[in-house]
Amino acid sequence: MKKLLALVLTLGLLATCFGAFAEDLYAGEKVTMEMAVWNSVETYEQINAALIQQFPEIGEKANIEVVIEGDGDVGIAQKMRLLLGAGEELPDMVRVNYAQFAEFESAGLLYDMSAAVEPYKDDIIPAVLDMMTGEDGGIYCMPQEAKPKVWYYRTDIFEQAGVDPKEVKTVDDFIAAGKKVHEATGTWIENYGTPLNAYDLMMILSGKDFSFTDENGDFKFADNEIIREAFERLKKFHDSGAFSPIDEWSADWQAAFTEGTISSQLIASWMKMHLLTWAPDQAGKWGCAMWPEEMQGGSDAGMGIWIVFKDAPHAALAADILAKYSFDPEFRHAVYSINAVIPPLESAKTDDFYASSDYFDASLRDVYFEALEQLRAYPYEPTFSAEQTIIRDYLNEYVNGNLSLDEALQKAQDDMINQIGNAFD
Amino acid sequence: MTQTLKPRKRNRSQRQIAPYLFILPFLLSFLAFFLIPVVYSVVISLMKYKGYGTMRYVGFDNYRRLLTYGAMWNSLLNTLQYFVFAMIPVMIVSFLLAVMVRSRVMSRYQKIYKPLIFLPQVCAVVASALVFKVIFGTNVGAINQVLGTSINFLGDTKLMKLPVITMLIWRNTGWYFIIFLSGLTTISEDLTEAAKIDGANSVQTLFRITIPVMKPIFKLTFITYAIGAFKLYTEPNLILSKDEAPLAVAPFVNMITTNINGGNLGMACAAGWILVVLIMFLTIMQMGMFKEEQ
């Protein structure tokens, strides 16, 4: 009897402690928290307003300021390095890509968010949970958006050209489909103008068992068949004449979507946000398919992620807010209404809310989760930012015909050895 | 006796200290914001350092790696090309514009010409670069639309430097025009009048009087232009890329920024010091060139 009483008392004490911990996060004076993002604050501010509406305690406790800290994931990572180096105050929540995760996680700089994620853990897609988990088993990031490879296409144009994306299975099929759609409708199903982006290459490599380094962190890839094939494939696309010669992120690229001269894109799930903005009058005309079978698997940089630094002023509160932000099934409906991002949750697979969209046909949700099953990320080294700059340059030199494949890969490897040394050093 | 000397001594020492007190704010800020960072960057250039965590001494390894890095020499060549191909037209056009505006016929409209020519300098460089990116676009670009062509100015490595050079000329002409105009005002009218009385025509006056007298101004402009040109960064990176220009067209400063972005501050500082040495070398060379001619 005494033992039982002691057990009950102990459990009660523990529950009180945990309760107090949870309450403490939202007790006390109101604080100002910083959420660091890139490019634009508008979408995040809309989402934060919805967050406060659903969780009033967050609004009572925190004033979340969204701040631009860079023009992209590389820029924001650099800003964090400078803040860390200068010992200045860090933002509470930082948006980066999974490509930058290894650098900060391996340096032991990130806050373990396991406790905040625990209530949602069973609902998170295993591949995503795996990426969130650090070397020591702790959870050090949360998904802003998982980014599996998907193929967005104009259903009306593909129907007119008589091309079914499901029947496009190989690289050659894709090129043939490009020619067929262009002949029938005058539109392009992709663009492979130079300079190509690093992600064009990394999306292919992420689906394979490839790394620029060996297990010791030494750069060794010039003779690797996987990267040779990836380089050759991109050059084949570039030279085929089946795709538009414009380059991504140019003024032409956005205009091509707006004017409807590009009718599909082999890309990752994030592209839908741009489609909504660039071609709003094409609502209801876009569908989603898997990449051709020969090129399936992988992702673009795994996921967009949120990280919290150990030394952030309100790390525990930030983790708790981000857990709600990322995984609360009801709140994710509000997020989807704002930016069309589907959460990587098991419960979302069968949630009809995500099956409906004014812009995309019903294929969006099912294809997203099918692609998510194959979500893989390149095994990012802490020095990946430097690696991708070098490999992108030599990819473009090869695609433009300035270097042979052997020369391009050898020079890229030599430059990585020269400039970086060892990836884990 | 000693009582009267003491205040005098104090006054003298106060007078001696006073100037130093006046320049103390400058000295402190010079120390804090220039000298210490300069010394610190030399130290970092000898280290392997991410910006946080521990620094590891690597000696001159960062310099050795950079000097044996083909991309660095390539970016240096790109910078030299941007420098030369933009500087020649900028100097000629801005000088001729200044001479024209200074001439009797045009001088009455100076109030219109001067701000118009200087206007590109006032425009934000980032905004201007983005506009040039659109102007040179393959399909949406004004140039291709006017010519009825689809020239890939922003993707073809043989043509990619053209939009950058065009923007550099457009942007810099106004600045050097003002410098040359102010230089022209220093030429005594007596000199030009005397030349006219001696029978010199406008071209002869320009080559025999104006240009020789303007040599110190040319020296200043060439040196300042060269320093600015070697620090070129915004125009090529914004016009030719979403983030950083490709290797084939990247300027030298990208050696610094890519290393900063890649978390290699030691290498970035080393690249910065190589740039300092290059600029110093070029400046000394230019000064020597003008000295010889004088």
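A residue is taken as buried here if 20 or more other C-beta atoms lie within 10 Å of its own. In this predicted model, A:M416 meets that mark: it has 25 C-beta neighbours inside 10 Å, so it counts as buried. The residue sits in helix α19 of chain A. Leaving aside residues up to four places away in sequence, A:M416 touches A:F212, A:F219, A:E387 and A:I390. A:T389 offers a further reference point, with the two positions 27 residues apart in sequence and a C-alpha to C-alpha separation from A:M416 of 9.8 Å.

How far can chain A be trusted? Its mean pLDDT comes out at 91, with 95% of the residues at 70 or more. Residues 14-22 of chain A are another matter, since pLDDT stays under 50 there. Over that stretch the model also shows zero contacts beyond four places in sequence. Where pLDDT is low, the predicted coordinates are not something to read in detail.

Helix α19 turns up again where the two chains meet. There, 33 residues of chain A are in contact with 32 residues of chain B. On the chain A side, the elements giving two or more residues are α4 (73-86), α12 (251-259), α18 (384-399) and α19 (405-419). Sorted by class, that side of chain A holds 14 polar, 11 nonpolar and eight charged residues.

Turning to chain B, the fold has 14 helices and two strands. Its radius of gyration is 26 Å, whereas a compact globule of 294 residues would be near 19 Å. Along the principal axes, the C-alpha atoms of chain B fill a box of roughly 90 × 65 × 35 Å. Some 32% of the 294 residues in chain B count as buried. As for how the chain contacts itself, take the pairs at least 6 apart in sequence: 66% of those contacts join residues at least 24 apart.

One helix of chain B deserves its own look. Helix α8 of chain B runs over residues 161-185, which makes 25 residues; at 1.5 Å a residue it should span 36 Å, and because its end C-alpha atoms are 36 Å apart, the expected and modelled lengths agree. Even so, α8(B) has a kink of about 35°, and the bend is centred on B:N172.

Note on methods
Residues numbered from 1 in each chain as written. Chains lettered and ligands numbered in written order. Predicted model: local features only at pLDDT ≥ 70, side-chain atom pairs only at ≥ 80, totals over all residues. Contact = placed C-beta atoms within 7 Å. Helix = DSSP H or I, 4+ residues; strand = E, 2+ residues; numbered from the N terminus. Nonpolar A, V, L, I, M, F, W, Y, C, P; charged D, E, K, R; others polar. pLDDT = per-residue confidence, 0-100. Rg over C-alpha atoms; globule rule 2.2 N^0.38 Å. Buried ≥ 20, exposed ≤ 12 C-beta atoms within 10 Å, placed from the backbone. Expected span 1.5 Å × (residues − 1). Bend = angle between axes of the 7 residues up to and from the residue.
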